[in-house]
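Biologist: Could you take me through one part of this fold up close? I'd like to start with a pair of facing residues in a sheet and work outward from there.

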Amino acid sequence: QVQLVESGGGLVQPGGSLRLSCAVSGSIFIIYTMAWYRQAPGKQRELVASTSNTGNTNYLDSVKGRFTISRDNAKNTVNLQMDSLKPEDTAVYYCNADLRDLVNRRSAYWGQGTQVTVSS
């Protein structure tokens with residue numbers, strides 16, 4: 001069984017910063033890609049940033065230069081440092097992990113989501 005637990009959301013003023021964290025636990029053999037998605041009210045869920053176990057990272061164009069994704073493979077954690085936040089970054093942010101477990105099953109898992117609100 002695999003669990004993803006997120007933390008770090010909250011309310012911040014425009015121009016401020018937040019750091020999201022996600023810890024993956026359970027019967028894990030290898031985690032391939034770890035990613036952050038977000039979903040604003042009335043909109044589809046979108047990929048914000050991802051990082052692979054080979055070191056590749058990708059970012060949504062609108063967050064490039066403001067957000068930084070990082071992972072700790074020893075601890076099975078992924079972080080999203082969000083700087084220069086804008087009201088349009090307001091959304092529920094979800095952690096995602098594409099992994100293979102100890103019985104050789106490959107699946108993608110989701111966290112419960114954490115609210116990020118950018119408002120003055």
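Modeller: Let's start with Leu-20, whose bridge partner in strand E8 is Leu-80. Keep in mind that this is a predicted model. E3 and E8 run antiparallel and are joined by six bridges.

Zoom out a little and you get an open sheet of four strands, in the order E1-E3-E8-E7, with antiparallel pairing. What stands at the edges? Strand E1 (2-7) and E7 do, each with a single partner strand, so one side of each has no neighbour in the sheet. Ignoring direction, neighbouring strands here are turned by 15° against each other on average.

Now over to the E7 edge. E7 pairs with strand E8 (residues 77-82) in the antiparallel sense, over six bridges, and Ser-70 stands opposite Asn-79 in E8. The two strands make a hairpin with four residues between them, and Asn-76 in the turn has a positive phi of about 55°. In a regular strand, side chains alternate between the two faces of the sheet. You can follow that along E7 (residues 67-72): Phe-67, Ile-69 and Arg-71 point to one face and are buried, while Thr-68, Ser-70 and Asp-72 point to the other and are not.

Back to E3, since it takes part in something else too. A search of the whole structure turns up one disulfide, and it is formed by Cys-22 and Cys-95, with the sulfur atoms 2.1 Å apart. Cys-22 sits in strand E3 (residues 18-26) and Cys-95 in strand E9, so this pair links distant parts of the chain, 73 residues apart. The torsion about the S-S bond of Cys-22 and Cys-95 is about -85°, which means the disulfide is left-handed. Buried or exposed? Cys-22 is buried at a relative accessible area of 1%, and Cys-95 is buried as well, at 0%.

From E9 we can move on to the rings. The structure holds two aromatic pairs. One of them is Tyr-94 with Trp-110: an edge-to-face pair, 6.4 Å centre to centre, with 85° between the planes. Tyr-94 lies in strand E9 (residues 91-101) and Trp-110 in strand E10 (residues 106-110), so the pair ties together parts that are 16 residues apart in sequence. Their accessibilities are worth a look: Tyr-94 counts as buried at 15% relative accessibility, whereas Trp-110, at 39%, counts as partly exposed. Add Tyr-37, and Tyr-37, Tyr-94 and Trp-110 form one aromatic cluster.

Tyr-94 also has a charged visitor. Arg-45 lies over the face of Tyr-94, at 3.8 Å from the ring centre. There's another arrangement of this kind to look at: the charged end of Arg-106 sits over the ring of Tyr-32, 3.8 Å from its centre.

One last stop, at Thr-114, which is found in strand E11 (residues 114-118). Thr-114 counts as buried, at 10% relative accessibility. A polar atom of the Thr-114 side chain lies 3.3 Å from the backbone nitrogen of Gly-9.

Terms used:
Residues numbered from 1 in each chain as written. Predicted model: local features only at pLDDT ≥ 70, side-chain atom pairs only at ≥ 80, totals over all residues. Heavy atoms only, no water. Phe/Tyr/Trp six-rings, centres within 6.5 Å; stacked < 30°, edge-to-face > 60°. Buried < 20%, exposed > 50% of the residue type's maximum accessible area, 1.4 Å probe, protein only. Lys NZ or Arg CZ within 6 Å of the ring centre and 35° of its normal. Pairing = 2+ DSSP bridges. Disulfide = S-S within 2.5 Å. Axes fitted to C-alpha atoms, helices over the stretch in contact; angles between N-to-C directions. Polar contact = N/O pair within 3.5 Å; in protein donor to acceptor, adjacent residues only side chain to side chain.
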